[in-house]
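Colleague: Could you walk me through one part of this model in close-up? I'd like the strands, and how they pair up.

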Amino acid sequence: MVASDATPSLDLVFDLLSNRRRRYALYYLYEQPDGVATTGDLTDHVAELEMRTLEAEGDTESISEPEIEAESTPDSTVESGSESESASTASGDRRRQIRTELQHVHLPKLEDAGVLEHDPRSETVRYWTQPSLEEWLEHAYHKEL
């Protein structure tokens with residue numbers, strides 16, 4: 001899909017910015033000099049901001065929840081290792097969940113809105129400049145982070 005010349009409506013802008021993970025992905029893409037990122041880079045950035053936000057909000061249950069699930073799986077038995085392994089597994093599970101959600105929900109929604117182009121084969125994302133979206137994105141960034 002090619003970037004749309006039409007300015008997105010205010011309703012569309014607010015709909016796109018209504019999801020935290022979508023905002024975090026847009027923050028990262030907006031900061032890139034060429035507007036291009038890999039799906040892996042986006043995933044890492046979203047995961048990092050999400051973890052920081054949860055820690056700042058004191059939401060340790062959301063942070064710990066995947067660790068509890070990871071500890072109860074057969075792959076992470078007491079014999080197989082330490083707490084750092086289960087934390088690593090939890091972190092990997094969280095990143096996989098974020099990546100899947102980005103690829104199947106958020107990037108397609110942003111692509112349909114003409115905000116970016118996502119190439120699943122090369123795992124790259126190209127952001128198309130949208131001044132009306134960026135105005136609200138900057139406000140959200142300063143309020144949120």
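Modeller: Quick ground rule before we start: two strands pair if DSSP finds at least two bridges between them. Keep in mind, too, that this is a predicted model. With that said, take strand S3, residues 124-127, as the place to look. Strand S2 (residues 116-119) is joined to S3 by 4 bridges, and the two run antiparallel. One residue pair to click on there is Glu 117 with its bridge partner in S3, Arg 126. S2 and S3 form a hairpin with 4 residues between the strands, and in this hairpin Glu 123 has a positive phi near 55 degrees.

Now for strand S1, residues 36-38: 3 bridges tie S1 to S3, again in an antiparallel arrangement. Here Ala 37 sits opposite Val 125 of S3. So much for the backbone partners; the side chains are worth a look as well. Along S3 they alternate. Val 125 and Tyr 127 point to one face, where they are buried. Thr 124 and Arg 126 point to the other face and are not buried. Put the pairing and the facing together, and you get two handy reference points in S3. Val 125, the residue across from Ala 37, is one of the buried pair. Arg 126, the bridge partner of Glu 117, belongs to the face whose side chains are not buried. If you want to retrace all this on screen, begin at Glu 123 in the hairpin, step along S3 through its alternating side chains, and then look across to S2 and S1.

Definitions and conventions: Residues are numbered from 1 along each chain as its sequence is written. This is a predicted model: local features need pLDDT of at least 70, side-chain atom pairs count only at pLDDT 80 or more; totals for chains, interfaces and linings use all residues. Side-chain values use heavy atoms; hydrogens and water are left out. Buried means under 20% relative accessible area, exposed over 50%, partly exposed in between (1.4 Å probe, protein chains only).
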